[in-house]
Amino acid sequence: MTSATATAPGRVNLIGEHTDYNGGLCLPVAVPLSTTVTVGGREDDHVNIISDAAGAWTGTHADVASGQVPGWARYVAGVLHELTRAGHRLPGLDLSITSALPLGGGLSSSAALECAVALAVTQLVATDDQDGADGSDWLDEARRRQIAELCRRAETQYVGAPTGGMDQLASMLASEEHALLIDFAEPANPRTRPVPLPLAGAGLVLLVTDTGVRHALADGDGGYAQRRDECARAAAEPGSADPVLRARSRHVHSENDRVRAAVAAIEAEDWSRLGALLTASHHSLRDDFEVSCLELDAAVDAALAAGALGARLTGGGFGGCTVALTHEDRVDAVRDGIDAAYARAGHAPPVHHRVRPAAGARIA
């Protein structure tokens, strides 16, 4: 095969935030916004990466192995590095990337990129025992989990972003009209279960609002690594008198309870209850975990005031996106209410996306 193409979706975490790296529960859904990677082989050892959103990088496999790859291209290089470590013999590569996902916007553009790169390159170098030119025969759940774990290592170890693994699993394992319940009680082998989420049949939609405020988890200055450290300290000091550690622990424990309650609400098709849980999650993230910001709070408050059933920040926080659960016939009013609130506050206009649960990554 001289080229291969793969597409991987971003995700909205419906509920269960900052719980994956704390051995807890989360409930993401894949979104129709995705990243597509086309890769071709070369006769030399050069690696050329071009992205429609982020620019270009050119180097060699030796540069990848040494870690001498800057900026956004490290996410691609990290996947190539992990594929090599896993035993794949990679030729020189030309990679072309297109994406509809906002970079750093809380919809896991990095995991979508990693998964699309891993799928495309794996397909390119597929051995004879991986039957099926379209990847359908070898890309089973076990292989999807392997790729998700490989991409998690690329992000945490090569890039240095201390993420917990939810994003890659959601991108690889999600299915249409389903959420994905993930239990990280055993981090090395997370348990997953698809949860039917019939939003279309219920006349509901998820409105994702991109605040335009950006975060960079690998920079070490956005608070994400600090929250992980605080959670580790709280776990090591149960009953700590430190009010910060107690608040962080309170969020994690209450958020796990909210995920369980959210699954029960979905299974009962109690959408008002689900909305209330989303809102409670935001309040906990704002007050106990302290990862919200003015723009996120404004979007949530305005969505609720305009009739959304519930709303919360989604992703690591410190910027990025909110998600609101709303009836289809109220979504325009919710969008307009958020826009008006932003205009009054002097914030830059946000960008909105109507989404329903989408399928996971695939060979194109």
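**Sheets and pockets in a predicted model**

Let's begin with four strands that make up an open, antiparallel sheet, arranged in the order 9-10-8-11. Strand 9 (310-314) and strand 11 (351-355) are the edge strands; each has a single partner strand, so one side of each has no neighbour in the sheet. From one strand to the next, the twist averages 25 degrees. Keep in mind as you look around that this is a predicted model.

To see one of the pairings up close, turn to strand 8, which covers residues 204-210 and runs antiparallel to strand 11, with five bridges between them. A handy place to look is V208, which sits opposite H353 of strand 11.

Now move to the N-terminal strands. Strand 1 (residues 3-15) and strand 2 (residues 25-42) are joined by 11 bridges in the antiparallel sense. Here you can find N13 facing P28 of strand 2. Strand 2 has further pairings to follow. With strand 5 (residues 92-99) it runs antiparallel, and eight bridges connect the two; G41 and L93 of strand 5 stand opposite each other there. With strand 6 (residues 178-183), strand 2 pairs over two bridges, again in the antiparallel sense. In that pairing, C26 has I182 of strand 6 as its bridge partner. As a reminder of what holds such arrangements together, strands of a sheet pair through backbone hydrogen bonds.

Strand 5 also leads us to the pockets. Along with helix 2 (73-85), helix 3 (109-124), helix 4 (141-159) and helix 5 (166-173), strand 5 supplies at least two residues to the lining of the largest pocket. This pocket has a volume of about 690 Å³. Its lining is made of 40 residues, and those nearest the centre are Y75, G104, S109, S110 and E155. What is the chemical make-up of the lining of the largest pocket? It divides into 20 polar, 14 nonpolar and six charged residues.

Helix 4 is a good guide to the second largest pocket too, since the largest share of that lining, five residues, comes from helix 4. The second largest pocket holds about 280 Å³ of space. Of the 17 residues that line it, E149, R152, F184, P187 and P190 lie nearest the centre. The lining here splits into seven nonpolar, five polar and five charged residues.

Terms used. Residues are numbered from 1 along each chain as its sequence is written. This is a predicted model: local features need pLDDT of at least 70, side-chain atom pairs count only at pLDDT 80 or more; totals for chains, interfaces and linings use all residues. Side-chain values use heavy atoms; hydrogens and water are left out. Two strands pair if DSSP finds at least two bridges between them. Axes are lines fitted to C-alpha atoms, for helices over the stretch in contact, and angles run from 0 to 180 degrees between N-to-C directions. On a 1 Å grid over the protein atoms alone, a cavity is a set of points where a 1.4 Å probe fits but cannot get out, and a pocket is an open set with protein on both sides within 12 Å along at least five of seven lines; lining residues have an atom within 4 Å of a point. Grid points are joined across faces, edges and corners, and a volume is the space filled by probe spheres set on the points. Ala, Val, Leu, Ile, Met, Phe, Trp, Tyr, Cys and Pro count as nonpolar, Asp, Glu, Lys and Arg as charged, and the others, Gly among them, as polar.
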